[in-house]
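Visitor: I should like to be guided through this model, beginning with the packing of two helices. Please show the structure before we proceed.

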Amino acid sequence: MKSVGMGEQSSYDHILTAEYASLLAMEFNRNPVVDDEAAFDIYPPPPSADRSSLPLRPPIVTIMGHVDHGKTTLLDTLRSSSVAKGEAGGITQHIGAFSVPTPNSSTGGQRMITFLDTPGHAAFSAMRARGASVTDIVVLVVAADDGIMPQTREVLELVRKDSNRVGLVIAINKVDKPGVDVSKLEKALLAEGVQLETFGGDIPVVHVSGLTGQGLPELVETISAVAEMQDIRAEETGSIQGYVLESKVDKGLGPVATVLVVRGTLTPGTTLISGLAHGKVRLIKSSLGQSLKSILPGTAALVSGWKELPSAGDEVLQGAEGDIKRALSNRHRKADIEATIQDAEAINESRRAERLLQQKEAEAEKEGIPMEKEYKKDDKKELRLVIKGDVSGTVEAVAGAVQGIGNHLAGVKVVAQGVGEVNESDVMRAKAVDGVVVAFSVNISRPIKNLANTQGVKILESNIIYRLMDEVKAGVIELIPPII
Ligand code: GDP
């Protein structure tokens, strides 16, 4: 948001602060009435009318596909090849995204490609759903030895829904394996309605091996060709718009977030708002740990200077300090109202369910039918969880993934979730609700383990999400009363 000094001429693209607009109205002898609800939030910059004159930006690419088809391996190989080509040659940190140079960079074409490496596992669908809205191109990985699987179809469905905006590249993976039949898989894809280039269609297909690196230069080249056709451009000047990919509390830097910029150039000193978090950009760091002077559209980097921890998936916008303060208090007020409405709805819902149950029981009694006990609301068992994870994206993904576990007899309830190591208050909170602690990719110190033992609180821990899910499932199954 740009503020304009009195007496200065304002052009049509200035957004006026409420104060300035009021002063202006008073200059014309009018009595201004400020609608503070609308005035106290910050909105994304309006889209530029003529996009063709804007600079090209790197395409944002998400790798998707069925579990075990090789997404992680492919991303790891792509990431390490980008390090080898980079100047630092250091160890990359997982920050949620990385960029690789393209072969066209010398000819002035698309110079970089940005890969989102938020885990592509089905359990991370919460994050993926958010990731997809910023994705320009989806690379669908299909393992040559396994073929089309349920999640392959899910991705195709997702891309089809958004096909005028999102490009698709098929990567047939694991071609290093002996005896794999690539042409059979291509025919099967065609039968699914994927118009592959091999058969005269317009969907490019590349044969790769994430394990050996075979075909990866062709994959990068193909992505870059698709991006060039999409003509992906963005304003490098003006207000920032971006998204938080991941966030965590760093011991030295405090709250940090990986910000993917889609408009504007993010530089230190910029005041930002994201959800209920705000801050002034202090340091910008690449995945190689190098300090950067800016983040251009289509790239992501780690940003410090946040007063609170932003949440993965939230939009990041720029504003003047005062405007951000007002927007924050407005957002807090809205969040409070929403929470109150949700509470009220939950109370209403449970009253309605109670009434319905009573009604059914009365009817059953009248007709002399014994009510089946298991349909009583109070009999539904709950496995109460306190979830801790390494970054906010994974915490949300774990919370999202466990929600679906259970049936009408037993289910899961997330009572608390947060980023960071498991601490005393997590254990005590779990004890208070007779629940368990779920720890994803975080450290559990010896004293905390001892505390959990003495308090009789179970801690389910793993760095592998499906193992955690299995343990949660096992916990829920234990709750189901035996059939007598
Ligand atoms: P994801 O679940 O899709 O992320 O799959 P992973 O990357 O974890 O890979 C699943 C398994 O397939 C692992 O055992 C990998 O080593 C193996 N794998 C992945 N890519 C390849 C490949 O190109 N060739 C072969 N032979 N194995 C692969």
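Guide: Helix 10 and helix 11 are roughly parallel to each other, a term for angles under 35 degrees. Helices (H or I, at least four residues) and strands (E, at least two) are DSSP runs, numbered from the N terminus. This is a predicted model, in which local features need pLDDT of at least 70 and side-chain atom pairs count only at pLDDT 80 or more, whereas totals for chains, interfaces and linings use all residues. Residues are numbered from 1 along each chain as its sequence is written, and side-chain values use heavy atoms, with hydrogens and water left out.

Visitor: At what angle do helix 10 and helix 11 pack?

Guide: Axes are lines fitted to C-alpha atoms, for helices over the stretch in contact, and angles run from 0 to 180 degrees between N-to-C directions. The axes of helix 10 (residues 424–432) and helix 11 (residues 446–455) lie 10 Å apart. Their packing angle is about 15°.

Visitor: Which residues of helix 11 are met by helix 10?

Guide: Contact means heavy atoms within 4.5 Å. From helix 10, the participants are E424, V427, M428 and K431. Their partners in helix 11 are I448, L451, A452 and Q455.

Visitor: Which element gives the most residues to the largest nonpolar core?

Guide: A nonpolar core is a set of buried Ala, Val, Leu, Ile, Met, Phe, Trp, Tyr and Cys residues joined through side-chain atoms within 4.5 Å. The largest one has 23 residues, and F115, V139, L219 and I223 have the most contacts inside it. Elements that each supply at least two residues include strand 1 (60–65), strand 4 (137–143) and helix 7 (216–230). With six residues, the greatest contribution comes from helix 7.

Visitor: Which residues does V139 touch, leaving aside those up to four places away in sequence?

Guide: V139 is one of the residues with the most contacts inside the largest core. With residues up to four places away in sequence not counted, V139 touches V61, T62, I63, M64, V169, A171, L219 and I223.

Visitor: Is L460 buried or exposed?

Guide: L460 belongs to strand 17 (residues 459–462). Buried means under 20% relative accessible area, exposed over 50%, and partly exposed in between (1.4 Å probe, protein chains only). At a relative accessible area of 6%, L460 is therefore buried.

Visitor: How far apart in space are L460 and E471?

Guide: L460 touches E471, and also V436, V437, V438, A439, L468 and V472, not counting residues up to four places away in sequence. L460 and E471 are 11 residues apart in sequence. Their C-alpha to C-alpha distance is 7.0 Å.

Notes. Parallel < 35°, antiparallel > 145°, perpendicular 65-115°, else oblique.
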